[in-house]
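Student: I would like to learn how to read the disulfides, cores and surface patches of a protein model. Could we go through them one by one?

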Amino acid sequence: MAPRRIETKPVIFCLKTLLLLYSFIFWVTGVVLLSVGLWWRFMLSPYMLLISSGPCIAPFVLTGTGVAIVLFGLFGCFATCRGRPWMLKLYAVFLSLVFMTELIAGISGFVFRHEIKGTFLATYTDAVMRYDGRDDRSLAVDDVQRRLHCCGVYNHTSWFSSVYFPVGGIPASCCVSFSDCSSADLKNRTVAVHKVHRQGCYELVTSVLESNMGIIAGVTFGLAFSQLIGMSLACCLSCFINANQYEMV
């Protein structure tokens with residue numbers, strides 16, 4: 001039986017090395033998700049008012065998933081170094097839970113993308129209609145129009161029905177050139193068309209979303225299925241350690 005024990009040791013060493021490397025990469029993805037969740041929560045919160053009329057749970061889901069992956073990654077490194085079969089099996093269970101969570105999230109986002117677009121249309125339209133230039137949603141609308149070089153929902157005419165137009169005209173954030181865009185021009189429907197961006201924000205945002213949907217789905221499913229590698233390594237290492245211990249008896 002001695003030769004068989006000698007043969008298993010290099011295999012166990014290789015599996016431990018691969019699992020440690022995987023656990024480190026897994027831990028890094030957790031840190032990235034945690035960072036994105038916190039950035040979304042504290043830096044993008046005004047934009048969430050334009051995406052959903054209710055509280056958005058996406059940043060909390062990202063933050064919670066990131067924390068869980070960081071902890072699971074650390075546990076995976078500890079379990080690999082200790083070489084305890086029960087720890088490795090528990091680590092495989094943790095990876096399977098993360099796999100299911102990411103898979104469900106990816107499928108849900110892909111299946112319900114049209115509902116997300118519909119919600120964005122309704123919420124953004126309401127923000128434009130109720131625009132006053134001062135509240136958080138109005139400031140978010142201004143920022144979107146400045147950054148994306150767009151105007152209104154479908155085009156600049158969306159502003160004609162808003163409560164703000166009779167008082168302030170089209171917001172200055174729609175202007176192509178601020179130096180050549182006076183308040184009088186923005187109140188004049190005929191002149192304003194030559195001063196503001198022609199493309200609507202809804203069409204621009206949704207086109208960007210559609211064009212990147214494949215990339216988003218690929219990254220999400222890629223991260224999800226990468227857990228299968230960790231699960232396989234953890235299970236194989238557990239089996240080889242058990243076999244090695246059995247041979248030593």
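Tutor: Gladly! Let us start with one link: the disulfide of Cys150 and Cys201 is right-handed, with 90 degrees about the S-S bond. Keep in mind that this is a predicted model.

Student: What is a disulfide in general, and which sulfur distance goes with Cys150 and Cys201?

Tutor: In general, a disulfide is a covalent bond between the sulfur atoms of two cysteines. Here, Cys150 and Cys201 are joined with an S to S distance of 2.1 Å. The pair links distant parts of the chain, 51 residues apart: Cys150 sits in the loop between helix 6 and helix 7 (165-168), and Cys201 belongs to helix 10.

Student: Are Cys150 and Cys201 buried or exposed?

Tutor: Both Cys150 and Cys201 are buried.

Student: How many disulfides does the structure hold, and what pattern do they follow?

Tutor: There are 3 disulfides. Counting the bonded cysteines along the chain, the pattern is 1-6, 2-3, 4-5.

Student: Let us take Cys151 and Cys174 next. Why is their disulfide called right-handed?

Tutor: Look at the torsion about the S-S bond: for Cys151 and Cys174 it is about 90 degrees, so this disulfide is right-handed. Cys151 lies in the loop between helix 6 and helix 7, while Cys174 lies in the loop between helix 7 and helix 8 (183-187), so the bond ties together parts that are 23 residues apart in sequence. The S to S distance is 2.2 Å. Cys151 counts as buried because its relative accessibility is 0%, and Cys174 counts as buried at 0% too.

Student: Which hand does the link of Cys175 and Cys181 have?

Tutor: That link is left-handed, with -65 degrees about the S-S bond. The sulfurs of Cys175 and Cys181 are 2.0 Å apart, and both residues are buried.

Student: Why is there no bond between Cys235 and Cys239?

Tutor: Check the distance. The closest cysteine sulfur to that of Cys235 is in Cys239, but it is 6.6 Å away, and that is too far for a bond; the cut-off for a disulfide is 2.5 Å. Cys235 counts as partly exposed because its relative accessibility is 38%. Cys14 also counts as partly exposed, at 44%.

Student: Now the interior. Which residues touch the most other members of the largest nonpolar core?

Tutor: The general idea is that nonpolar side chains tend to be buried together in soluble globular proteins. In this model, the largest nonpolar core has 25 residues, and Leu50, Tyr124, Val141, Trp159 and Ile170 touch the most other members. Helix 5 (113-129), helix 6 (136-148) and helix 10 (201-248) each give two or more residues to this core, with helix 5 giving the most, 4 residues. Apart from this core lies another, of 21 residues, including Ile12, Phe72, Leu88 and Ala234.

Student: What does Val141 touch, leaving out residues up to four places away in sequence?

Tutor: Val141 touches Leu50, Tyr124, Ala127, Tyr131 and Trp159.

Student: And the surface: which residues make the nonpolar patch of about 640 Å²?

Tutor: That patch is made by Leu21, Phe24, Ile25, Val28, Val32, Val36 and Trp39. Take Phe24 as an example: this residue is placed in helix 1 (residues 2-43). With a relative accessible area of 48%, Phe24 is partly exposed, because that class runs between the 20% and 50% cut-offs.

Terms used
Residues numbered from 1 in each chain as written. Predicted model: local features only at pLDDT ≥ 70, side-chain atom pairs only at ≥ 80, totals over all residues. Heavy atoms only, no water. Patch = residues over 30% accessible without salt bridge, like charges linked within 9 Å, V, L, I, M, F, W, Y side chains within 5 Å. Areas by Shrake-Rupley, 256 points an atom, 1.4 Å probe, with all protein chains shown as cover. Salt bridge = Lys/Arg side-chain N within 4 Å of Asp/Glu carboxyl O. Buried < 20%, exposed > 50% of the residue type's maximum accessible area, 1.4 Å probe, protein only. Core = buried A, V, L, I, M, F, W, Y, C linked by side-chain atoms within 4.5 Å. Contact = heavy atoms within 4.5 Å.
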